[in-house]
Amino acid sequence: MANIIVPPDWHIPERLATPEWVFWNRRHFLRQLGFAGAGALAVPLAGCAKAETPETTSKTNGAANAATPSGAYLAARNPEFSPSWTLTNEKVAGRYNNFYEFTLSKDVYRYVDKFVTAPWRIQIGGLVEKPMTVDAMELVELFGLEERVYRMRCVEAWAMIVPWTGFQFSRLIAKVAPKPEAKFVRFETFNRPGQAPGMGQVPDYPWPYFEGLRLDEALNPLTLMVTGIYGKPLPKQHGAPIRMVVPWKYGYKSIKSIVKIDFIDTQPKTFWETLQPNEYPFESNVNPNLPHPRWSQATERMIDSGDRVKTQLYNGYGKYVAPLYAKG
Ligand SMILES: Nc1nc2c(c(=O)[nH]1)N[C@H]1C(S)=C(S)[C@@H](COP(=O)(O)O)O[C@H]1N2
Ligand SMILES: [Mo]
């Protein structure tokens, strides 16, 4: 008798015991009641999901919270942004990240366990007619999702090609209705040293991470608010549950895990600009002819194959964005 160990209820692999749609609908239902992410409920469920699907990258690499409705990720690929490029290997992309809140090294996925990504309130305000505070998943319900294959270029001269799932940021801008005085958008990341060990390792950095765009850059059809990658909710190391992707600019402009968006009338400072203004200026468009003060930007290394390829002006997106920077 003493040898028979009865596992607690929650230990039964729920996804095996329950048809997929019942499982996800229940999540959806609980989420609507406001339970998602509540400690007692979320911890065992997250533990189960992890144990059952060891092969799924989004689970092993720091799973997105189980409260996200999976149905939302059956997003159609937008043919306009689906070039026939070879995608970067998903696992490599999920294990080579920049997210200084967690660590200064690339193995961010090892440090994200304590990070709670649901519920996730986002405050949108400043110079707008209709400010709002919403959960990241409400935005998904409001705007729906599409998939786009984009190139991503880090200022450190590495690059990847990944399918993001999200919605065009201009749609959110339209919803909150900026006042005529609004000329810039400022974004801010969460401030939770207890969940993000990197914040304590470099306490002198001007946390929380903040970024900005001109309003016309934010309105550009390429500018994407992203909640998924490779057809799944964003793993934590990629900026769960919601981030920006601005593909013609260096990667640090694509701020992760956003909690606040403000429409303002003057150009905001940014995190990296505050630390090194001559190395990381506000604009930061990808440009092979403008070297970083400490290294060339002429070529870049694909993170999975190691191939070295030529860097392209505006990361190859000149067709969409060159007019934004035409002088005179
Ligand atoms: N909040 C926050 N956002 C961030 C960063 C960060 O450290 N903190 N790093 C940036 C940098 S330098 C890059 S290159 C991209 C990397 O995105 P990825 O890890 O999903 O490839 O995220 C950007 N967004
Ligand atoms: Mo970067």
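Modeller: Let me begin with a term: a strand here is a DSSP run of E with at least two residues, and strands are numbered from the N terminus. The model we are looking at is predicted. In it, proline 241 lies in the loop between strand 8 (232-233) and strand 9 (243-245).

Colleague: Thanks! What makes 232-233 long enough to be called a strand?

Modeller: Strand 8 covers residues 232-233, and the cut-off is at least two residues, so this run qualifies.

Colleague: And which kind of peptide bond leads from alanine 240 to proline 241?

Modeller: That bond is cis, with omega near -5°. Alanine 118 and proline 119 are also joined by a cis peptide bond, where omega is about -5°. Proline 119 sits in the loop between helix 5 (90-93) and strand 1 (121-126).

Colleague: Why is glutamate 300 called buried?

Modeller: Its relative accessibility is 0%, and buried means under 20%, so glutamate 300 falls in that class. You will find this residue in strand 11 (residues 299-302).

Colleague: Which side chains does glutamate 300 contact, and how do you know that these are polar contacts?

Modeller: The glutamate 300 side chain pairs with that of arginine 151 at 3.0 Å and with that of arginine 153 at 2.7 Å. The limit for a pair of N or O atoms is 3.5 Å, so both pairs pass on distance.

Colleague: What is notable about phi of tyrosine 230?

Modeller: Phi is positive there, about 50°, although tyrosine 230 is not a glycine. This residue belongs to the loop between strand 7 (224-229) and strand 8. With 15% relative accessibility against a limit of 20%, tyrosine 230 counts as buried too. Serine 257 likewise has a positive phi, near 45°. The loop between strand 9 and strand 10 (258-264) holds serine 257, and its 0% relative accessible area makes it buried.

Colleague: Now the ligand. What makes the atoms of ligand 1 count as being in polar contact with tyrosine 100, histidine 238 and serine 254?

Modeller: Again we set the distances against 3.5 Å. One oxygen–backbone pair, with tyrosine 100, is at 2.8 Å; an oxygen of ligand 1 is 2.8 Å from a side-chain N or O atom of histidine 238; and a ligand nitrogen is 2.9 Å from a polar backbone atom of serine 254. Those values are within the limit, so they qualify. The protein buries 98% of the 530 Å² that ligand 1 exposes when taken alone.

Colleague: How many residues surround ligand 1?

Modeller: There are 18, the closest being Asn97, Tyr100, His238, Arg243 and Lys256. The shell comprises 9 nonpolar, 6 polar and 3 charged residues, and ligand 1 takes up the space of the second largest pocket.

Key. Residues are numbered from 1 along each chain as its sequence is written. Chains are lettered from A and ligands numbered from 1 in the order in which they are written. This is a predicted model: local features need pLDDT of at least 70, side-chain atom pairs count only at pLDDT 80 or more; totals for chains, interfaces and linings use all residues. Side-chain values use heavy atoms; hydrogens and water are left out. A residue is near a molecule or strand if one of its heavy atoms lies within 4 Å of it. A polar contact is a pair of N or O atoms within 3.5 Å; within protein, one must be able to donate a hydrogen and the other to accept it, and residues adjacent in sequence count only if both atoms are side-chain atoms. Accessible areas come from the Shrake-Rupley method with a 1.4 Å probe; for residues, only the protein chains shown count as cover. On a 1 Å grid over the protein atoms alone, a cavity is a set of points where a 1.4 Å probe fits but cannot get out, and a pocket is an open set with protein on both sides within 12 Å along at least five of seven lines; lining residues have an atom within 4 Å of a point. A molecule sits in a cavity or pocket if more than half of its atoms lie within 2 Å of its grid points. Ala, Val, Leu, Ile, Met, Phe, Trp, Tyr, Cys and Pro count as nonpolar, Asp, Glu, Lys and Arg as charged, and the others, Gly among them, as polar. Helices (H or I, at least four residues) and strands (E, at least two) are DSSP runs, numbered from the N terminus. Buried means under 20% relative accessible area, exposed over 50%, partly exposed in between (1.4 Å probe, protein chains only).
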